[in-house]
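Q: Got a minute to walk me through this model? I'd like to start with the ligand.

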Amino acid sequence: AATAALQRSRQLHPLHVRRAAVSHVEQLGGRMRRITLGLEAGTPPIPWVRLAVGDHVKVAFPHPTTGELTLPTVVDDRPSLPEGAQRPVTRDYTVRGVHDADQTQQVTIDFVVHGTGPASTWASGARKGDVVGLLGPRGSMTEPADARRYVCLADETALPAVGRWLEEAPAGIPLEVVVQVPDATCLVPLPQRADARVTWLMDEEEGTLAESLRSLPPEPGDYVWAAGEAGTMVQVRRAAAELGVGGEALKPSALQVDGYWRRGVPGRDHHEPLES
Ligand code: FAD
Ligand code: ZN
């Protein structure tokens, strides 16, 4: 795998705005709620691309007091609302899985119920029949299938993507996973996989994701993937740079970092620079 190319590939999808109703709610453990949503009949299915672990939809929530769900239509591949209509609140969520049942596509999303915020609040009270909108995914980014080793660093919000890594990474490639959660009550069962090692950091005393990366440490051919709180991701990126990941010193190697949320910032856009 010294010749690993470590290339990701992107595929774009036409925008769809889908209505979906809760068909099943399951407490996965800790504060993770698995919510399965059935697409309205006749809705185009959400594309499923193997190893596109970062695939996400914008979940659009009903108005918290009126309960009304205002969804845009699609005009020229963009969301469009009538003049004066209020845009629904949306938040990004990983497409954890899809399957077909009763002739409708069922979409699984795992929500961290963390306390405040429209998404967390909706998820904590979600019941069968509740309706949301799903916008996107706009594209699928397939992770490289040829690494010497995958190193995945995640917090709770990236556990659904980690679940996808564990299920979808090519057999035979070792997967080193480090997950940081606030405490032991936040443990969630993960898919079993040969060639995978999962380490849980329960709180700051057990170290940080950046320290874990330093202690591994990365080697040529490694693909380092990290997602979670933006400040934590800044630390990971810094540690990776110091270790030479993605640079001349550790060739080939690659780093992919995504800030899924930022402490104190509601509805942060993950396409913004990590520092913002
Ligand atoms: P907001 O209104 O956005 O924030 C309210 C307050 O809560 C803010 O102070 C904010 O800093 C804080 N906050 C937000 N999230 C958390 C948290 N997890 N823990 C503690 N405090 C928090 N989240 C998932 O749970 N499951 C997923 O599968 C998932 N996939 C994602 C994929 C992508 C590509 C991205 C960009 C994000 C993903 N997230 C996922 C993260 C999720 O979008 C954010 O956590 C989002 O802020 C939650 O919205 P909210 O309405 O609950 O809180
Ligand atoms: Zn996005």
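A: Sure. In this predicted model, a nitrogen atom of ligand 1 sits 2.8 Å from a polar backbone atom of Asp110.

Q: And which residue has a polar backbone atom 2.8 Å from an oxygen atom of ligand 1?

A: Ala119. There is also Val265, with a backbone N or O atom 3.4 Å from an oxygen atom of ligand 1.

Q: How much of ligand 1 does the protein bury?

A: The protein buries 91%. That is out of 920 Å² exposed by ligand 1 taken alone.

Q: Which residues come nearest to ligand 1?

A: Asp92, His114, Ala119, Arg262 and Gly267. They belong to a set of 25 residues around ligand 1.

Q: What's the mix of nonpolar, polar and charged in that shell?

A: Ten nonpolar, ten polar and five charged.

Q: Which strands and helices supply at least two residues each?

A: Strand E7 (90-94), strand E9 (104-112), helix H1 (118-125) and strand E16 (254-261). E7 gives the most, with four residues.

Q: Why does ligand 1 lie between the two domains?

A: Because both give residues to its shell. Domain 1 spans 11-139 and domain 2 spans 147-261.

Q: OK, switching to pockets. What's the volume of the second largest one?

A: About 350 Å³.

Q: How many residues line the second largest pocket, and which lie nearest its centre?

A: The lining has 15 residues. Phe61, Pro62, His63, Pro64 and Glu68 lie nearest the centre.

Q: How does that lining split by class?

A: Eight nonpolar, five polar and two charged residues line the second largest pocket.

Q: Now the backbone. Where are the cis peptide bonds you'd point out?

A: One runs from Gly136 to Pro137, with omega near 5°. Another joins Lys251 and Pro252, where omega is about -10°.

Q: Where in the fold do Pro137 and Pro252 lie?

A: In loops. Pro137 is in the loop between strand E10 (131-135) and strand E11 (139-142). Pro252 is in the loop between helix H4 (230-243) and E16. E16 is also one of the elements supplying the shell around ligand 1.

Q: What about phi at Asp76, positive or negative?

A: Positive, near 50°. Asp76 is a residue other than glycine.

Q: Why flag that?

A: Because most residues other than glycine have a negative phi. Most peptide bonds are trans, too.

Q: And where is Asp76 found?

A: Asp76 is in the loop between strand E5 (73-75) and strand E6 (78-80).

Methods
Residues are numbered from 1 along each chain as its sequence is written. Chains are lettered from A and ligands numbered from 1 in the order in which they are written. This is a predicted model: local features need pLDDT of at least 70, side-chain atom pairs count only at pLDDT 80 or more; totals for chains, interfaces and linings use all residues. Side-chain values use heavy atoms; hydrogens and water are left out. On a 1 Å grid over the protein atoms alone, a cavity is a set of points where a 1.4 Å probe fits but cannot get out, and a pocket is an open set with protein on both sides within 12 Å along at least five of seven lines; lining residues have an atom within 4 Å of a point. Grid points are joined across faces, edges and corners, and a volume is the space filled by probe spheres set on the points. Ala, Val, Leu, Ile, Met, Phe, Trp, Tyr, Cys and Pro count as nonpolar, Asp, Glu, Lys and Arg as charged, and the others, Gly among them, as polar. A residue is near a molecule or strand if one of its heavy atoms lies within 4 Å of it. A polar contact is a pair of N or O atoms within 3.5 Å; within protein, one must be able to donate a hydrogen and the other to accept it, and residues adjacent in sequence count only if both atoms are side-chain atoms. Accessible areas come from the Shrake-Rupley method with a 1.4 Å probe; for residues, only the protein chains shown count as cover. Domain bounds come from an automatic or database domain assignment.
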